[in-house]
Amino acid sequence: MGVLRVGLCPGLTQEMIQLLRGAGIKTVVDLVSADLEEVSRKCSLSYKARALQSIHVVRVFDIFQMLDMLQDLRGSISQQVTSASGPVKIVVVDSVSAVVSPLLGGQYSEGLALMMQLARELKTLARELGIAVLVTNHVTRERDSGVLKPALGRSWSFVPSTRVLLEAREGSQVPHGCRVASLTKSPRQPTGIQEVVEIGSWGTPELSPSLERNKP
Amino acid sequence: MSGDFRRAESGTELLARLEGRSSLKDIEPFLFADEGSPIHGDILEFHGPEGTGKTEMLYHLTARCILPKSEGGLEVEVLFIDTDYHFDMLRLVTILERRLSQSTEDIIKHCLGRFFLVNCSSSNQLLITLYSLETMFCSHPSLCLFILDSLSAFYWIDRVNGGESLTLQEINLKKCSKFLEKLVKEYHLVLFATTQTIMQKNSNSTERSSSLKLPCEEVDIDYRPYLCKSWQQMVNHRIFFSRHNSESSNQMFSVVSYHLKSNNLIKRLFSIRESGVHFC
């Protein structure tokens with residue numbers, strides 16, 4: 001097995017190699033078999049900080065800022081601007097109902113048109129640029145039957161291709177602090193699949209952690 | 001070049017237009033009453049709220065058309081226009097794999113060779129695309145099935161772009177509808193178009209009964225027409241999709257197929273399996 005040298009993997013600079021040598025790690029085997037927590041404490045490395053650097057948080061508070069943001073993102077991807085942390089793979093919008101709800105309910109249809117424009121931008125990101133898009137939305141109840149349905153009305157309901165309902169259900173089968181995730185819409189899988197998810201470790205309480213990814 | 005002169009057809013164009021486009025009468029007997037099977041020049045509308053199986057039914061019809069005759073297909077070509085990025089190629093391939101007795105990569109590729117997919121992102125683009133598709137129909141005499149999913153995708157954006165005038169709001173859709181009718185009649189195609197239920201059903205019963213004119217009142221349909229009159233008048237056949245609440249754990253869907261001319265109405269139930277739509 002090889003000796004650690006510069007450029008063997010992303011992030012392995014000369015400085016880092018010196019730090020690792022100081023901790024007694026010279027080869028790839030040493031690194032792989034070492035306890036990372038201990039190593040990072042010894043070398044003052046922070047791989048967690050590096051992971052956090054890959055997350056870009058943008059704050060937008062109305063739909064026009066959101067549309068601007070998405071168009072900038074599309075522009076930077078088409079010009080192939082590469083950042084230090086690599087290409088954008090997933091866009092999370094939390095929450096879409098916060099920017100769209102103020103637009104709905106009036107007598108003019110501009111609000112709905114803006115919502116559909118936002119939907120089109122998100123879908124273009126997903127389909128043409130191959131980025132996973134995840135949005136969060138609230139639920140409301142049906143007037144007559146009391147059944148839960150997603151907020152933002154009928155026109156929005158056609159937009160997402162996969163939908164997962166998260167509920168806090170009290171009961172003997174659901175341990176405290178856990179939520180139930182059910183698949184209510186999917187282009188490829190049968191609906192009705194349910195999983196109990198524990199907040200904190202983000203895994204199923206009994207088995208090993210399994211993270212659900214929703215691709216549009 | 002002066003004024004306007006009648007466009008002359010070349011011999012190949014004439015032949016391509018009139019020559020046997022295969023019949024789609026047997027495309028799905030469950031969906032149609034005996035006299036209502038789709039014939040050349042028919043325009044059918046799938047209407048329903050989200051998650052009711054409209055796109056799945058389109059995959060079902062597509063698979064039926066592009067599969068080879070030896071595997072129970074019709075071996076004809078299909079043109080699919082997708083206006084809201086709904087189409088999922090992986091799902092179509094899964095359905096083909098499940099339906100073929102031997103699903104090799106070659107056979108799947110051969111089937112997909114009969115499938116043409118177009119994406120449109122605005123009603124202007126849809127109109128221009130339709131104009132440019134005319135040459136495609138000329139050069140592909142085995143292209144019989146024309147699918148448009150969905151026709152109502154640009155409704156709100158067009159409404160706002162048209163401002164106060166209803167004519168301006170509907171102008172693109174009206175032109176698209178007229179041109180679709182021309183293409184379907186001239187080239188002997190069958191058009192299946194989906195429209196989404198985005199309007200609340202009007203609680204006023206008189207308006208509902210006048211707009212729908214269904215023979216039996218017990219069929220409860222969530223339908224409030226909102227697209228332009230040109231489109232509504234050219235549809236021969238309306239098929240309504242809805243969820244069917246059943247006791248079984250499997251989600252069932254209901255389809256009501258209404259032939260406008262003969263006034264025939266049939267209702268069927270179906271479920272969606274991995275191999276696609278399965279009628280009960």
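## Exercises on a two-chain model

B:F241 and B:F270 are both buried. Keep in mind that you're working with a predicted model.

**Exercise 1. Which kind of aromatic pair do B:F241 and B:F270 form, and which parts of chain B does the pair tie together?**

Step 1: Start with the geometry. A pair of aromatic rings is described by the distance of the centres and the angle of the planes. For B:F241 and B:F270, the centres are 6.1 Å apart and the planes meet at 80°.

Step 2: Check the cut-offs. Centres must lie within 6.5 Å, and planes over 60 degrees apart count as edge-to-face. So B:F241 and B:F270 make an edge-to-face pair.

Step 3: Find the two rings in the chain. B:F241 sits in strand β6 (residues 237–244) and B:F270 in strand β8 (residues 264–273), so the pair ties together parts of chain B that are 29 residues apart in sequence.

Step 4: Zoom out. Ring pairs join B:F241 and B:F270 into a cluster with B:F30, B:F46, B:F192, B:F253 and B:F279. Over all chains, the structure has 15 aromatic pairs.

**Exercise 2. Where do the side chains of B:E45 and B:R238 lie, and are they buried or exposed?**

Step 1: Look at the link. The two side chains meet in a salt bridge, at 3.2 Å from N to O.

Step 2: Place each end. B:E45 is in strand β1 of chain B and B:R238 in strand β6 of chain B, so the salt bridge ties together parts 193 residues apart in sequence.

Step 3: Use the cut-off: under 20% relative accessible area means buried. B:E45 has 2% relative accessibility, so it counts as buried. B:R238 has 8%, so it counts as buried too.

**Exercise 3. What do you find when you do the same for A:R74 and A:E121?**

Step 1: These side chains also meet in a salt bridge, with 3.2 Å from N to O.

Step 2: A:R74 belongs to helix α5 of chain A and A:E121 to helix α7 (residues 110–129) of chain A, so to speak distant parts of the chain, 47 residues apart.

Step 3: Now the accessibility. A:E121 is buried, with a relative accessible area of 7%, whereas A:R74 is partly exposed, at 29%.

**Exercise 4. How many salt bridges are there between chain A and chain B, and which residues form a network?**

Step 1: Get a feel for the interface. 20 residues of chain A are in contact with 27 residues of chain B. The two chains bury about 2200 Å² between them, 52% of it on carbon and sulfur atoms. On the chain A side, A:R120, A:R154 and A:F158 lose the most area to chain B, together 36% of what that side buries.

Step 2: Count the bridges. There are three salt bridges between chain A and chain B, and ten over all chains.

Step 3: Follow B:E50. With A:R163, B:E50 forms a salt bridge of 3.3 Å, N to O. B:E50 lies in the loop between β1 (43–48) and α2 (54–66) of chain B and A:R163 in strand β5 of chain A, so this pair joins two chains. B:E50 also forms a salt bridge with A:K185, where the closest N and O atoms are 3.1 Å apart.

Step 4: Put them together. A:R163, A:K185 and B:E50 are linked in a network of salt bridges. Two of its members, B:E50 and A:R163, are buried, with relative accessible areas of 15% and 14%.

Note on methods: Residues are numbered from 1 along each chain as its sequence is written. Chains are lettered from A and ligands numbered from 1 in the order in which they are written. This is a predicted model: local features need pLDDT of at least 70, side-chain atom pairs count only at pLDDT 80 or more; totals for chains, interfaces and linings use all residues. Side-chain values use heavy atoms; hydrogens and water are left out. Rings of Phe, Tyr and Trp (its six-membered ring) pair if their centres lie within 6.5 Å; planes under 30 degrees apart count as stacked, over 60 as edge-to-face and the rest as tilted. Helices (H or I, at least four residues) and strands (E, at least two) are DSSP runs, numbered from the N terminus. Buried means under 20% relative accessible area, exposed over 50%, partly exposed in between (1.4 Å probe, protein chains only). Contact means heavy atoms within 4.5 Å. Buried area is the accessible area (1.4 Å probe) that two parts lose on being put together, summed over both. A salt bridge is a side-chain nitrogen of Lys or Arg within 4 Å of a carboxyl oxygen of Asp or Glu.
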